[in-house]
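Here is a short note to read with the model open beside you. Take the points in order and find each residue as you go.

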Amino acid sequence: MTDRRSLVSVVDDDESVRESLPDLLRQFGLAAEAFSSAEAFLSSGVVGETQCLILDLAMPGMSGPDLQRELMRRRQDIPIVFITAHGDESVRPDLLARGAVECLFKPFSEGALLDALNVALRMR
Amino acid sequence: MIVDTPVESSVGEVRLRRCLNDLISILALPAAWTGNDASQIVGTLLGALVGMLNLDFAYVRLNAPEDGPSVEFARFGESLEHLVRPRDLGETLTRTWGATPVQWPLSARIVLGGDQLSVGAARLGLHGELGVVVAGSQRSGFPGQTERLLLDVAANQAAIGLQQARLLEEQRRVSRELDRRVAQRTAELASAIDELRRSERESRLIIDTIPALAWSARPGGAAEFFNRHYLDFVGLSAEDASDWGWTAAVHPDDLVELTATWHHIMDSAAPGEAEARLRRHDGEYRWFLIRVNPLRDESGAIVQWYGVNTDIEDRKRAEAELRRVHNSFADAQRLSKTGSFITDLVADDHKWSEETFRIFEFDPATKISVKSIREVIHPDDLPSFDAVIARAMTGVDVTFGFRIVTAAGALKHVRGIAHVVEQVAGRPMFVGALQDVTAGTVAEEALNRARAELAHVARVTSMSTLTAAIAHEVNQPLSGIVTNASTCLRMLDGNPPDVSGARETARRTIRDGHRASEVITRLRALFGKKDLTLESLDLNEATREVIALSTGELQRNRVILLSEFARDLPSITGDRVQLQQVILNLIRNASDAMAGVDDRLRQLLIRTQPEDGDRVRVIVRDSGAGIESQSVDKLFEAFYTTKPGGMGIGLSISRSIVERHHGRIWAEPNDGPGATFSFSVPRGPASAGGAAARVVRES
């Protein structure tokens, strides 16, 4: 169903997410890279290869939406799945309106993540 | 002519000759009398009669010219000379014949000095008006015919002489009187001239000495005279200043108007005045008040103008200063939209500044009364206004705030203070200031609304922030747990199963589980904190701050707030912010409890008072819905509420704060409507605060 070589990049300041999520993505048969900040991702050299970006909403420094804007500025049209630990549903419509594929609230289920990834990767 | 019949010719001849000689002598008497006075005439007459008629006495009584005392004269012959005094003779005649000589007999006999005497009398003057002459002789038959003749002629001559003497005397008297009068007049004139000279000297001295510039001018306006001061002041000679020369010393800016006024005064022919600056000899200009009066002759025509110039420089400066102060005061009032007033409430007498009139948009001519003020007060604020007036009547300082609706329909917010300055006749005189705070109030209301919204938002936000923080802290490890568990399952489900990977993810799951548990522990610690920030504080002051914060809200809710702060309230040691939260909470509750009250005043009383046992009490009493006495205990329990939108935590938090101050909070229903909430806390850290302070150090 998905390209085995598809690279999914995870950007989150929370270490447990960076440890756990790439392992799950690999179990899905995807390639995965984790970055602790938006700045680290932008300077990583994998931006162009990234087929889908799983992006934490609130981070120190550049936030998730900041990175989204920066990528649009750079005309890097990467499908984005936002994840957030803040249980505020009100942010979701905004993010979707600005082009995000999905916004998942932590803790999210495996199924919800797969659905979002399917949508994102099909867009490529 | 009657002559004695000669008995013997020789004797008759001798007698006749003698008689004729005597007659001639008597007829010649008046010539000798010319220029003599009455006494001289009478003296000569008596001497002549005694000699000629060989008399024992001759007597004359002269009537005074105008009812004065009569004068007696007498001459005696040798026989009586030493026996009788002239006065005794007069008395004897009066006694014998009466007091009126005209009625005396022309011949008779009298007894004088023991002797019988024959007496003949003759009247002086045609009707005896001048007096009487009486001749007496010891010879019986006296007076004989020739003797009578001589006596009558002598009397007649004497009468003529006396008449002349009287005339002369009158002339002399008149002359003397004239002389006297002339002399008197002359003396008067001399003295008048002296007086005039002295007065002139004095006038001149006065004119030159008076501390004013005096001058006079001819009817046409040309100046004629200037006093010394004038000339010294302007530094001009009399010649230079005369006519119109004085105008050289008038300030150029004032000259045109002054000259016009001067001509106007002369045209109106009435006293007048003007103000102008005159240049002093040293070049400095000073303001003068110039007053001028006309002097008129009998026909009313003006013959001279007299003027006095008074130095009013100091007054002018004072006036200017006063005007400046007044203007700047008025400016300050206008700029700050602050009006002032002095009010005698008992007499309903109000003195307002211009700005106060302007704020109320009253005509400054309006007679202000409490009634006229009430008429423009917003109906909703009338109870509050009346309450302020009632309080003011008791003589205490008051602060007030109300809205007015002006005649033009403008809504204004007015705020002010008034304090008693003195008691006049036992009633308080208030001096106060009020301010149009419409702009401020509108802004303040917006601010209050914003603050209320912000407070609400802050409450909500803090709640949601708290929830979010908790959620975030817990969701992060939960997310790890779920992801790891999913990965673990997938690894175990693989073919072959990735057991070591699964073990790793399981290990991470356990770690994240611990992380979540730590978050909860941390949160519990966070909310378990009980430290107070202790400081010495004045509960009056702390309460005032809360009131200041709540004023806008209370006014919006039409709550009249009365405060009674105990004097000399001891300061306490406590957490200012937390205690203020308690007070704020009680005020808000009270205000909310009165929200539905429309049939009585929404009155809120806040009182502080010292309590026995070194405690301080704060009382908040409302006239609201009141409380059930059964539910009094439940009020302070968490989540118990009587308010539609309430959460039931305000009073429970208040109680925990008060208890942490080792104090007590309670509620009572009022006798009338409403409820009273009170709390009391101990004063110092000595008993309770010490422990609290330790808590602070330990945490």
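How far does helix 11 of chain B reach from its first C-alpha to its last?

1. **Helix 11 of chain B.** Bear in mind throughout that this is a predicted model. Helix 11 covers residues 382–393 of chain B. Its 12 residues reach 16 Å from the first C-alpha to the last. That is close to the 16 Å expected at 1.5 Å a residue.

2. **What helix 11 packs against.** Several residues of helix 11 of chain B are buried: Leu382(B), Phe385(B), Ala387(B), Val388(B), Ile389(B) and Ala392(B). These buried residues pack against helix 10 (370–376) of chain B. They also pack against three strands of chain B: strand 13 (398–405), strand 15 (427–436) and strand 17 (560–564). After the helix comes Gly395(B), with a positive phi near 90°.

3. **The two chains, by element.** Chain A has 5 helices and 5 strands. Read from the N terminus, the elements of chain A run β-α-β-α-β-α-β-α-β-α. Chain B has 17 helices and 22 strands.

4. **The two chains, by burial and contacts.** Chain A has 124 residues, and 52% of them count as buried. Chain B has 699 residues, and buried ones make up 38%. Now take contacts with a separation of 6 or more. In chain A, residues 24 or more positions apart account for 63% of them. In chain B, the figure is 55%.

5. **The two chains, by surface.** Chain A exposes about 5700 Å², with 46% of it supplied by carbon and sulfur atoms. The accessible surface of chain B comes to about 39100 Å². Carbon and sulfur atoms hold 55% of that surface.

6. **The largest nonpolar core.** Nonpolar side chains tend to be buried together in soluble globular proteins. Here the largest nonpolar core has 36 residues. Those with the most contacts inside it are Leu539(B), Leu586(B), Ile587(B), Leu604(B), Phe677(B) and Phe679(B). Seven stretches of chain B each supply at least two residues: helix 14 (539–556), helix 15 (576–593), strand 19 (603–611), strand 20 (615–621), helix 16 (650–660), strand 21 (664–669) and strand 22 (675–682). Helix 15 of chain B gives the most, with 6 residues. Another core lies apart from this one. It has 33 residues, among them Val60(B), Leu62(B), Ala122(B) and Leu151(B).

7. **Phe677(B) up close.** Set aside residues up to four places away in sequence. Phe677(B) then touches Leu586(B), Val618(B), Ile619(B), Val620(B), Leu635(B), Phe636(B), Leu651(B), Trp666(B) and Ala667(B).

8. **Helix 14 of chain B.** Which residue caps the N-terminal end of this helix? Asp538(B) does, with a side-chain oxygen 2.9 Å from the backbone nitrogen of Asn540(B). The helix has 18 residues, so at 1.5 Å a residue it should span 26 Å. Its end C-alpha atoms are 25 Å apart, which agrees. Yet helix 14 of chain B bends by about 50° at Ser550(B). Ser550(B) is also one of the buried residues of this helix, which include Leu539(B), Ala542(B), Val546(B) and Leu554(B). Just after the helix, Arg558(B) takes a positive phi of about 55°.

9. **Arg576(B): why does it count as buried?** Its relative accessibility is 17%, and the cut-off for buried is under 20%. Arg576(B) is in helix 15 of chain B. Beyond its neighbours up to four places away, Arg576(B) touches Thr533(B), Glu535(B), Leu537(B), Glu541(B), Ala542(B) and Glu545(B).

10. **Ser216(B).** This residue sits in strand 6 (residues 213–217) of chain B. Ser216(B) counts as buried because its relative accessibility is 4%. Leaving aside neighbours within four places, Ser216(B) contacts Ala223(B), Glu224(B), Phe225(B), Gln304(B), Trp305(B) and Tyr306(B).

11. **Ala58(B).** Look in strand 1 (residues 57–62) of chain B. At 0% relative accessibility, Ala58(B) is buried. Phe73(B) is 15 residues away along the chain, and the two C-alpha atoms are separated by 8.4 Å. Outside its neighbours up to four places away, Ala58(B) touches several residues, including Phe73(B), Leu46(B) and Val134(B).

Technical notes. Residues are numbered from 1 along each chain as its sequence is written. Chains are lettered from A and ligands numbered from 1 in the order in which they are written. This is a predicted model: local features need pLDDT of at least 70, side-chain atom pairs count only at pLDDT 80 or more; totals for chains, interfaces and linings use all residues. Side-chain values use heavy atoms; hydrogens and water are left out. A nonpolar core is a set of buried Ala, Val, Leu, Ile, Met, Phe, Trp, Tyr and Cys residues joined through side-chain atoms within 4.5 Å. Buried means under 20% relative accessible area, exposed over 50%, partly exposed in between (1.4 Å probe, protein chains only). Helices (H or I, at least four residues) and strands (E, at least two) are DSSP runs, numbered from the N terminus. Contact means heavy atoms within 4.5 Å. The expected span of a helix is 1.5 Å times one less than its number of residues. The bend at a residue is the angle between axes fitted to the seven residues ending there and the seven starting there. A polar contact is a pair of N or O atoms within 3.5 Å; within protein, one must be able to donate a hydrogen and the other to accept it, and residues adjacent in sequence count only if both atoms are side-chain atoms. Accessible areas come from the Shrake-Rupley method with a 1.4 Å probe; for residues, only the protein chains shown count as cover.
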